[in-house]
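Me: Could you take a close look at one part of this model for me, the aromatic residues and what surrounds them? I'd like a connected account rather than a list.

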Amino acid sequence: MSKRIFIFIAIFFISTLSAISLNNEKKSVEIVKASSSLKVDGILSEDAWQNAAVAKDFIQYEPYNGKKPSLPTEVKVIYDDQAIYFGAILYDNNPDSIIKDLGVRDEFTGMNSDLFTVFISTFNDGVNAVEFMVSASGVQSDGKHNGDNGDSNWDGVWESAVGFTDNAWIVEMKIPYSALRFSKKEDQTWGIQFFRSIRRYREWSSWNYADVNIQGLINQLGEVVGIKHIEPPLRLSVTPYVSAYLENDADGNQWNSDFNAGMDLKWGINQSFTLDMILIPDFGQVQSDDEVLNLSPYEVRYDEKRAFFTEGTELFNKGNIFYSRRIGSRPKNADDAEDDLHSNEIVDNNPIETQLINSSKISGRTSGGLGIGFLNAMTGSVDAIIKDTIPEIVSNGLETELNYKKRKFRTQGFTNYNMLVLDQTLKNNSYVSIANTNVQYSGEDYTANVTAAEFKLMNKENSYQLYGSGALSQIYTDASSLGHKYFLMFAKTKGNFQFEVAHNTESDTYDPNDMGYIQQNNESTWYGELDYNINEPFWKVLNWHNEVNFRYENLYKPRKFSEFQFSAITNTTFAKSYINTGLFASVKPIEGYDHFEPRVDGWKFKTARVVMGNWWISTDYRKRIAGDFNAGAWKAMDHNRYGYWMGFGPRLRISDKWLLTYRLSMDNDFNTYGYIEDYENTNSDNETETTIDFGKRDQYTFINTLSTNYIFNNKMSLSLRVRHYWSRVEYYDYYRLKENGELSESIGYDTYGNEENLNYNAFTLDMKYLWRFAPGSEMAIVWKNAIYTDDEKLTNNFIDNLNDTFGSSQINSISFKILFYLDYHYLKRN
């Protein structure tokens with residue numbers, strides 16, 4: 001009996017190893033050239049399709065990685081002198097069960113539909129690729145990939161159509177060479193991968209085996225061979241636009257109109273590089289920022305939503321020194337206007353952003369794998385208007401009038417922003433990069449320059465990774481400064497068991513913030529992480545992911561301890577219900593010091609030992625009614641400080657065209673301490689002393705967000721997003737910070753009273769009608785409404801607070817914008 005068991009186990013392991021070996025072999029398909037023209041209609045009836053190469057024998061990616069998929073898939077591949085074509089036959093014995101809900105282009109997260117995806121890596125380097133996705137309802141999505149970084153904001157111009165038969169749904173795609181960048185080699189081999197999603201089974205399968213225990217997808221592509229004698233086309237397109245605005249001021253007393261026109265130009269300099277230039281940009285229709293009340297010493301980082309700075313910018317993420325929101329942001333010296341006031345003067349107008357004149361970027365990659373990116377942007381000068389409150393009496397002999405003198409205060413001069421990136425791909429999906437940013441302010445003796453380097457080295461099996469980056473910042477002024485940072489990480493990236501060890505250092509003079517973003521410098525951090533993941537279904541679950549990590553942090557200069565934190569995370573997805581749930585726990589076992597909350601160099605605030613935990617659950621989005629819920633709490637071990645949070649997000653799919661989502665978030669903290677102000681005074685020995693006052697407070701924050709999309713068809717949609725953010729801060733007592741980081745006895749509530757209390761509201765509404773009437777062309781009508789209030793008077797009742805908010809001054813904007821995509825080849829043919 002034992003011998004039979006041994007033989008059975010041996011056969012099992014041999015067959016398993018054979019399957020793994022087979023799966024790890026890179027697949028290839030030999031493409032043929034079309035002998036006749038093709039019409040993209042989702043039918044595949046042309047003769048050229050009968051001789052096309054076929055990619056088949058897909059393999060499950062999830063949930064049963066490496067197993068045979070539930071339904072077969074075949075993809076036909078063919079090319080001609082203008083494009084590469086894909087004809088996917090996605091077999092399904094129950095075509096009525098194919099899920100094909102409509103959605104908005106490029107917004108596939110949570111979309112309830114079957115999907116087909118193509119990845120193309122024209123340089124076949126295992127790092128760079130473009131992605132084209134089509135849903136069963138015919139909605140398109142695309143993006144660019146650079147290693148672990150994805151850019152879903154990139155919009156290519158390509159064609160697709162979806163059709164249905166008695167036993168399959170069909171996707172036909174035409175990817176013109178103008179949407180790709182490739183070399184002039186006579187015989188080319190491209191990386192290729194196909195994915196299929198069967199939504200009702202929550203199943204993904206791929207043509208070339210993709211191991212879920214290996215990090216990354218671009219490094220696991222197959223190949224398409226036999227692409228011969230294709231010429232990179234002249235890539236030249238212009239996208240002119242016109243827009244009109246009707247806006248009222250904050251008091252709602254006056255409506256103003258505005259008209260804009262501009263153009264986006266794209267020119268393929270050669271087969272690999274593209275110039276993208278925007279002239280007279282208009283970003284008035286971008287979605288409103290999710291503004292928050294910031295009581296911390298750190299700047300809030302908001303997402304970039306302007307299309308020019310989100311599309312095709314994967315190269316500019318190298319080195320982590322570019323934050324595009326700096327371009328056209330708040331003027332550098334806006335706060336100095338108040339300091340320049342004379343007696344009886346006020347700031348009459350202080351613009352909150354600089355005006356972008358134009359911006360250009362050049363990017364691409366050579367046949368040798370060298371990526372080059374260059375970006376330039378220019379903003380105009382900005383002046384604040386200062387007004388004298390005491391008027392002059394001016395008489396012309398017939399009547400007199402009051403004249404208020406005004407003068408200008410320059411808050412930022414003409415500014416030029418530059419960035420240069422070089423990125424060389426290496427063997428084994430590795431790369432090395434160097435990047436530089438430079439900002440020059442006209443009229444000021446100030447220039448900011450940052451140079452960064454980055455590398456990732458993988459072994460042949462893609463099982464281990466060494467990653468590093470470093471940067472040098474230089475600010476040239478009357479008092480120039482030089483700073484540096486570096487980051488080094490070693491990780492195991494393959495298998496059930498993975499780990500990561502990392503160290504990060506930022507010197508006290510490192511400052512990339514003229515064109516980049518860093519929350520705070522002067523830090524040195526050690527980080528370690530252990531992961532154990534089971535990606536194969538077992539028992540009643542589909543997978544199980546586990547992580548423990550630690551972080552030790554201190555100042556770079558002087559070397560003083562900040563905090564130590566230990567955390568653990570576990571989450572799983574149940575097999576039948578597809579409910580995902582997880583737990584997070586963290587502890588700071590020793591007291592630490594916050595060196596930044598006091599806002600004065602050399603000072604610190606003693607922080608408590610803390611425990612915290614969080615639980616979340618997410619139900620199956622395939623259901624008509626689904627939702628997410630999370631709840632957590634924290635508690636200081638030896639202090640009466642605590643807090644809790646909760647989030648609730650139901651989703652209602654009214655029809656295959658209409659989705660409604662709502663999110664309620666609540667975050668409350670009690671008996672916490674925070675900075676009030678710092679000032680200097682002179683003691684009895686005639687020495688200058690710094691005094692820093694803190695306050696004890698409770699903070700209640702509620703966020704309500706309602707989003708809905710009604711999709712008329714795969715080219716037309718109406719979306720609405722309404723968000724109300726309310727944060728209420730109430731102070732109970734005030735203290736003085738001592739040099740050892742502790743707080744003194746109470747200095748009395750009457751020291752500040754209720755003047756530090758804060759009732760902050762941010763209400764935004766964004767409604768958008770979008771019609772993509774032709775590839776690359778669209779028309780949009782947008783209504784934006786914004787209300788921001790900031791008051792010392794506290795409101796306890798939510799309804800009363802909401803009524804007060806709606807009764808406050810608000811800004812309304814109604815806009816119309818239309819843009820046309822004009823391609824050189826299309827115009828030439830017609």
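Reply: Happy to. Let's start with Tyr710, which is partly exposed, at 29% relative accessibility. Please keep in mind that this is a predicted model.

Tyr710 takes part in an edge-to-face aromatic pair with Trp658, where the ring centres are 5.8 Å apart and the planes make an angle of 80°. That contact joins distant parts of the chain: Trp658 belongs to strand β41 (residues 658-682) and Tyr710 to strand β42, with the two positions 52 residues apart. Trp658 has a relative accessible area of 37% and is partly exposed as well.

Tyr710 has another ring partner in Phe712: this pair is also edge-to-face, at 5.0 Å centre to centre and with 75° between the planes. For Phe712 the relative accessible area is 34%, so this residue counts as partly exposed. Because partly exposed covers values from 20% to 50%, Tyr710 at 29% falls in that class.

These pairs belong to a wider set, as a search of the whole structure finds 41 aromatic pairs. Elsewhere, Tyr61, Phe119, Phe195 and Trp204 are linked into a cluster by ring pairs.

Strand β42 also leads us to a cavity. The second largest cavity, with a volume of about 60 Å³, has a lining that includes Ile711, Asn713 and Asn714. Strands β42 (688-713), β43 (716-736) and β44 (758-774) each give two or more residues to this lining. Further lining residues include Gly103, Val104 and Arg105, along with Leu770 and Arg772. By class, the lining has four nonpolar, four polar and three charged residues.

For context, the structure holds two cavities of 30 Å³ or more. The largest has about 120 Å³ of space and is lined by 15 residues, with Asp148, Gln215, Gly216, Asn219 and Lys456 nearest its centre. Its lining divides into four nonpolar, nine polar and two charged residues.

If you'd like a sheet to look at afterwards, there is an open one of three strands in the order β19-β22-β25, paired antiparallel. Its edge strands are β19 (345-349) and β25 (406-412), each pairing on one side only, and the twist averages 35° from one strand to the next. Four bridges connect β19 with β22 (residues 382-388) in the antiparallel sense, and Val347 stands opposite Ile386 in β22.

Methods:
Residues are numbered from 1 along each chain as its sequence is written. This is a predicted model: local features need pLDDT of at least 70, side-chain atom pairs count only at pLDDT 80 or more; totals for chains, interfaces and linings use all residues. Side-chain values use heavy atoms; hydrogens and water are left out. Two strands pair if DSSP finds at least two bridges between them. Axes are lines fitted to C-alpha atoms, for helices over the stretch in contact, and angles run from 0 to 180 degrees between N-to-C directions. On a 1 Å grid over the protein atoms alone, a cavity is a set of points where a 1.4 Å probe fits but cannot get out, and a pocket is an open set with protein on both sides within 12 Å along at least five of seven lines; lining residues have an atom within 4 Å of a point. Grid points are joined across faces, edges and corners, and a volume is the space filled by probe spheres set on the points. Ala, Val, Leu, Ile, Met, Phe, Trp, Tyr, Cys and Pro count as nonpolar, Asp, Glu, Lys and Arg as charged, and the others, Gly among them, as polar. Rings of Phe, Tyr and Trp (its six-membered ring) pair if their centres lie within 6.5 Å; planes under 30 degrees apart count as stacked, over 60 as edge-to-face and the rest as tilted. Buried means under 20% relative accessible area, exposed over 50%, partly exposed in between (1.4 Å probe, protein chains only).
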